[in-house]
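Colleague: Please show me the model, so that we may discuss its cysteines and its chain interface.

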Number of protein chains: 2
Amino acid sequence: MPDRIETALMAALTHASGPSAPPLLAGALQHAVFPGGARVRPQLCLAVAAACGDDRPTLSDAAAASIELIHCASLVHDDMPCFDDADLRRGKPTVHAAYSEPLALLAGDALIVLAFEILARAAIRTPARLPGMVVALASHTGMPGGICAGQGWESEASVDLSLYHRAKTGSLFVAATTMGAQAAGAEPEPWVELGARIGEAFQVADDLRDALLTQDELGKPAGQDVAHHRPNAVSELGVKGAVQKLHDILGGAIASIPSCPGEARLCEIVSAQAKRLTPVEFARALA
Amino acid sequence: MPDRIETALMAALTHASGPSAPPLLAGALQHAVFPGGARVRPQLCLAVAAACGDDRPTLSDAAAASIELIHCASLVHDDMPCFDDADLRRGKPTVHAAYSEPLALLAGDALIVLAFEILARAAIRTPARLPGMVVALASHTGMPGGICAGQGWESEASVDLSLYHRAKTGSLFVAATTMGAQAAGAEPEPWVELGARIGEAFQVADDLRDALLTQDELGKPAGQDVAHHRPNAVSELGVKGAVQKLHDILGGAIASIPSCPGEARLCEIVSAQAKRLTPVEFARALA
């Protein structure tokens, strides 16, 4: 499955970097997307598409890639000086550090746009599936409840932690599960809970990593939640409470998988992600 | 027609500012879109839709509003400190000046996303028209040839002025004419030239205004092209040459209007825009 994702992302970036493109901005897009992280959202999207029959693999590939492009865009913008002011991401310079602030801002914008474009290009033969998929991608990305909204809560004096996390991290996981279903012609609603629970687990795991690991282990600056006074699960529940919450959420995620032909395989994938999310360092912290 | 545009924009913003939205970011979106400028791109979009029969006014309204949302997003991002560092826009504080840099960055992102979302919501009953419209909006907004690409050229050491202007300013006018046609079920290609010529005229007029008018007349800082060493028509052709070019382009725009039922009305609208673009100050500069 990773090959399908990388192939779809490369095709998208090749299109966006066409001969008439300004070369530095094209380079910034490439830098933002390759080499990737775990590509966990697009893998989840393809896993749900497969569980639903995946009758239009070109469309599910585009859905998976579109979600990853939005994720990469959000990382580029989040790393900028007016947010996290981070110089490192995945062990290499962030886009604004490697290129410039203007090019990082534009790269994020262009990646958001590209996400919608590849979805539309892949849906030309199945246009009836497109409106719902665009609405899903948009509503989980923008306002009032997508990742932009989640990030926007960080500017508010008072924040509902659960609403904040659901928007900031959870929403792209819900986009992944629901759009995987939609790409295969299935209804999205039965897949909302799985995405929401995996997203919640990721946020808790991310909070734990930020609190417990070093910059070398993370490949980016550590201790950012405390440094930026951001609400997080560790400050709310303590390390033990956060690890326990993570286990509970992942158990619920697997239980929520709807009955479908690809159910068993999907359970395996979610379990593997769960193992990845609870590394030995967390156990060490509990000892 | 302006009422249709404002109504569609208000509906979009109301959706994006729903009860679960972070209030400051919702305020920043509102600030970015209202009160508007001349709304020239959405007017052009609706004029072309009308010329093509406008059989789905809800879809053409959404197309018009989507283009204006992208335009507003680009203004919000362009005004930020890493680009123009402008505190004033349309005579009032820019979004980052009134709210903050993080909220301006997020507001631009959310407006881009909202543009695609309203298009998809309006196309649920005519999905066959959606793929082409999303591709049009995206390709004129992002990379390799949309407004992001145009802005990206400003980071390059060497720039083709015509390619730069076509992407930075022309592309949203081409989106306006072609999406107006597509919303009415017509082919987009015959409408490319009209959009391209009006876009080129706007860029030349904008360069002239930036060079000749004062901050009070503009409602934003003047002399920005020179201050930021940006390529522009006045530095390339001189004031007289730029005014002459503007006249030539507008003549060509009217001549390019395809034969269609609404042709006469559309010629009137373009002529009225042409008058607006060549104010007495330009004649004064030539005297």
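Colleague: Why is the sulfur of Cys52(A) not bonded to the closest cysteine sulfur, and in which residue does that sulfur lie?

Modeller: This is a predicted model, in which local features need pLDDT of at least 70, side-chain atom pairs count only at pLDDT 80 or more, and totals for chains, interfaces and linings use all residues. Residues are numbered from 1 along each chain as written, chains are lettered from A in the order written, and side-chain values use heavy atoms, without hydrogens and water. A disulfide is a pair of cysteine sulfur atoms within 2.5 Å. The closest cysteine sulfur to that of Cys52(A) is 5.7 Å away, too far for a bond, and it lies in Cys260(A).

Colleague: How many disulfides does a search of the whole structure find?

Modeller: The search covers all chains. In chain B, Cys267(B) is in no disulfide, as the nearest cysteine sulfur, that of Cys260(B), is 8.4 Å away. Over all chains, the number of disulfides is zero.

Colleague: How many residues of chain B are in contact with chain A?

Modeller: Contact means heavy atoms within 4.5 Å. Chain A contributes 50 residues to these contacts, and the number from chain B is 50.

Colleague: How many salt bridges are counted between chain A and chain B?

Modeller: A salt bridge requires a side-chain nitrogen of Lys or Arg within 4 Å of a carboxyl oxygen of Asp or Glu. Between chain A and chain B, the count is zero.
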